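User: Could you take me through how the helices in this model pack against one another, with the criteria spelled out?

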Amino acid sequence: MVLSAKQTLPTKIGLFRRNPSSSLRRSPVSLSFPSTELPKRTVLAVSKPLHLSSLRAKSPVVRCEAYEADRSEPQPIDDAAAAETKSEAAKKLKIGIYFATWWALNVVFNIYNKKVLNAYPYPWLTSTLSLAAGSLMMLISWAVGIVETPKTDFDFWKTLFPVAVAHTIGHVAATVSMSKVAVSFTHIIKSGEPAFSVLVSRFLLGETFPTSVYLSLIPIIGGCALSALTELNFNMIGFMGAMISNLAFVFRNIFSKKGMKGKSVSGMNYYACLSMLSLLILTPFAIAVEGPQMWVDGWQTALATVGPQFVWWVAAQSVFYHLYNQVSYMSLDQISPLTFSVGNTMKRISVIVSSIIIFRTPVQPVNALGAAIAILGTFLYSQAKL
C-alpha cells in the first residue's frame with residue numbers, strides 16, 4: 001500500500017524509539033522505510049488522526065499516504081438508496097396531484113351541473129350528455145393515438161355489462177336528486193354509501209366485518225338522518241334519488257371487483273368503456289322518460305332565460321363529469337382502496353362546503369352538525385376497514 005503524505009503537513013509526525021538502556025528521545029525519521037520490518041517496541045506518534053487512503057505493497061518498500069481528518073473526502077452515497085428515495089417522493093407527488101385534480105374537477109362539475117339543472121330540469125338528458133361527451137372524447141383520443149386503444153373481447157364486455165347497468169342507475173339517480181335538492185344535501189346523503197356497502201355485503205354476499213366497522217355505521221346513519229330531518233328544502237324525490245344512487249354504486253363496485261379480476265385494462269380505458277356501454281343503456285330510457293319534445297321546449301326556455309352562456313354550462317358539466325371520473329379511476333391504479341376511500345371522503349367535504357358558499361345554501365346549525373357527524377363516520381369506517 002502507498003503511504004505518502006498528500007500534502008506537506010505542519011503536523012508533527014515522528015517515531016519514538018524506546019531503548020531500554022537509554023532515556024526516551026525523539027528522532028525524526030523519514031516515512032519511507034528501507035525494509036518492511038519495524039524495530040521492536042516502535043511507537044508511531046501523530047498529532048492528528050490519519051486516514052489511510054490506499055495501501056499497496058511494493059517490495060521491499062512500504063510507503064504511506066495520509067491526509068488530515070478535517071480534510072477527509074466525503075463518503076460515497078448509496079446510489080440505490082438515493083434513487084429509491086427520489087422514486088418514493090415522485091410517487092407521493094403524483095398521488096397528491098391526482099387527488100387535487102380529482103377534487104377540483106368534481107367541485108367544478110357539481111357547480112355547473114346544478115346551474116344546468118336549475119335552468120334546464122331534465123336530469124335524464126343531462127345524464128346522457130355527460131356520458132356522450134366522455135365517450136366522444138375517448139374515441140377521439142384512441143383515433144389520434146393520444147391514448148392506447150384497449151384490447152377487449154366479448155368476455156370483457158359481458159363482465160362489464162352489470163357494472164354499466166349499476167353505474168347508469170347510480171348516475172341518473174344522483175342527477176335526479178340534485179335537480180330536486182341542494183348539492184350539499186345530495187352529497188351528505190351520499191356520504192352514507194359505506195352503510196349500504198356493509199349491509200349488502202353482509203346479507204347478500206355473506207361477508208363478515210370487525211365490530212369496529214359496524215360501530216362506524218352509527219354516526220354515518222345518525223348524521224344522515226339528522227341532516228335529512230333538518231333540511232330546509234327537503235324533497236322526497238331528491239332524498240330517494242341519493243339513496244338509490246348509494247345502493248347502485250355499491251353494486252357497481254361489487255360487480256366490478258368480481259368481474260374485472262385479471263383484466264389488463266388501465267383505469268382510464270376501463271372508465272371509457274364503462275361510459276360507452278352506459279350510454280347505450282341509458283339513451284333509450286332517457287327518450288322514453290322525457291322525450292325530444294320536452295328537451296327542445298326546455299332548451300329554448302333556458303336559452304331565453306340564461307342566454308348563450310347556457311350552452312357553455314351544458315358543455316362544461318358534460319366534460320368535467322367525464323374528467324373527474326376518469327381521474328378517480330386513474331388514481332385507483334396508483335393507490336390502495338383505503339387511501340381512495342379517505343380521498344373520497346375529503347372530496348365530499350370540498351363539494352359540500354364549496355356548493356354552500358357558491359349557491360348560498362341556507363344551513364341550520366343542527367343540519368351542519370348532522371353533516372359533520374356523517375362525514376366523520378365515513379372517515380372512521382375507512383379506518384376501521386384497515
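The turns below go through helix packing and helix shape.

Analyst: This is a predicted model, in which local features need pLDDT of at least 70 and side-chain atom pairs count only at pLDDT 80 or more, while totals for chains, interfaces and linings use all residues. Residues are numbered from 1 along each chain as its sequence is written, and side-chain values use heavy atoms, with hydrogens and water left out.

User: How are H3 and H8 oriented to each other?

Analyst: Helices are DSSP runs of H or I with at least four residues, numbered from the N terminus. The axes, which are lines fitted to C-alpha atoms over the stretch in contact, with angles running from 0 to 180 degrees between N-to-C directions, lie 8 Å apart for H3 and H8 and make an angle of about 70°. Angles of 65 to 115 degrees count as roughly perpendicular, under 35 as roughly parallel, over 145 as roughly antiparallel and the rest as oblique. H3 and H8 are therefore roughly perpendicular.

User: How do the residues of the contact of H3 with H8 divide into nonpolar, polar and charged?

Analyst: Contact means heavy atoms within 4.5 Å, and among the residues that meet are Phe156, Trp157 and Leu160 in H3 and Leu277, Ile281 and Leu282 in H8. Ala, Val, Leu, Ile, Met, Phe, Trp, Tyr, Cys and Pro count as nonpolar, Asp, Glu, Lys and Arg as charged, and the others, Gly among them, as polar. By that scheme the contact of H3 with H8 divides into 15 nonpolar, 3 polar and no charged.

User: Where in H3 does a kink lie?

Analyst: The bend at a residue is the angle between axes fitted to the seven residues ending there and the seven starting there. In H3 a kink of about 35° comes shortly before the proline Pro162, at Phe161.

User: What is the orientation of H8 to H10?

Analyst: Helix H8 (residues 267-289) packs on helix H10 (residues 309-332) with axes 8 Å apart and an angle of about 135°. That angle makes the orientation of H8 to H10 oblique.

User: Are H4 and H6 roughly parallel or roughly antiparallel to each other?

Analyst: The axes of helix H4 (residues 183-190) and helix H6 (residues 211-229) come within 9 Å and cross at roughly 155°. The two helices, H4 and H6, are therefore roughly antiparallel.

User: Which residues of H6 make the contact with H4?

Analyst: On the H4 side, the contact is made by Phe185, Ile188 and Ile189. The residues of this contact divide into 5 nonpolar, 1 polar and no charged. On the H6 side, the contact is made by Cys224, Ser227 and Ala228.
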